[in-house]
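Reader: I would like a close look at one part of this protein, namely its nonpolar interior, and at how the surrounding elements are arranged. Please take the account slowly and keep the terms explicit.

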Amino acid sequence: MRRKFILMLLLAICPIMLMAQERIYIQTDRNTYVPNDTIWFRAHLVDAATNLPSTSKHYPKNRSRYVYVELYDVKADTLVERTMIRRNDDGVFANAMPLKKTLHEGLYMLVAYTRYMLNFPETMFAYREIEIVCARGFNSQKKY
C-alpha cells in the first residue's frame, strides 16, 4: 500500500517538476530609493531541474532569452513601469529602471518573470520589495 502511494505521488509530482523549467531571482543595488533615482538590478535565471544558472556554459539553450521586470505601487496596486531585458552573451540579465520624479513615498514591488513562467502560478515569479522615500537628508548614492 505504501509503495502504491509513493508511486502515485511521484506520478503526480514529476510532470509538474518537468514543466517548471525555470526559476528566477532578482537582485537590486539597494532597498531604498528617491524619486528620479535609478534602480540597478540583475535577474538570475536558473534551470529548475539541474540548478544551473543562465551564466553556465552548460545552461540549456532553449530557455528564455528575455526577462520582464515590472515595478508596482503596492498601496495603489498599479503598474508603474515595465522593462524587458535580453540575456547577453554571458547569460546575464542586467539593466536599470529610471524612476519618475512624480513617484510618491511608499512601498513598491519589483516583479521578475519570463514569458514561459506566465503558464504557471505567479508564486513562481521573483519579488523584491523596495521603498521610495522623499526625505531631503537621504543620500541616493549610499549603497546598502
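Which residues touch the most other members in the largest nonpolar core?

Author: The model is a predicted one, in which local features need pLDDT of at least 70 and side-chain atom pairs count only at pLDDT 80 or more, while totals for chains, interfaces and linings use all residues. Residues are numbered from 1 along each chain as its sequence is written, and side-chain values use heavy atoms, with hydrogens and water left out.

The largest nonpolar core holds 28 residues, of which I24, I39, V69 and L71 touch the most other members; such a core is a set of buried Ala, Val, Leu, Ile, Met, Phe, Trp, Tyr and Cys residues joined through side-chain atoms within 4.5 Å, and buried means under 20% relative accessible area with a 1.4 Å probe, protein chains only. Two or more residues of this core come from each of strand 1, strand 3, strand 4 (66–73), strand 5, strand 6, strand 7 (106–113) and strand 8, and strand 7 gives the largest share, 5 residues. Taking I24 by itself and not counting residues up to four places away in sequence, its contacts (heavy atoms within 4.5 Å) include A43, H44, L45, V67, A112 and Y113, as well as M117, M124, F125 and A126.

As for the setting of this core, the protein chain has 1 helix and 8 strands, where helices (H or I, at least four residues) and strands (E, at least two) are DSSP runs numbered from the N terminus. The helix precedes the strands, in the order α-β-β-β-β-β-β-β-β.

Two strands pair if DSSP finds at least two bridges between them, and an open sheet of 3 strands, with antiparallel pairing, has the order 1-3-6. Strand 1 (22–28) and strand 6 (93–98) stand at its edges with a single partner strand each, so one side of each is left without a neighbour in the sheet. Strand 1 is joined to strand 3 (residues 38–47) by 7 bridges in the antiparallel sense, and E22 stands opposite D47 of strand 3.

An open sheet of 5 strands, with mixed pairing, follows the order 2-8-7-4-5. Its edges are strand 2 (32–33) and strand 5 (78–86), and each has a single partner strand, so one side of each lacks a neighbour in the sheet. Strand 2 runs parallel to strand 8 (residues 126–132), to which 2 bridges join it, and Y33 has I132 of strand 8 as its bridge partner.

Technical notes
Buried < 20%, exposed > 50% of the residue type's maximum accessible area, 1.4 Å probe, protein only.
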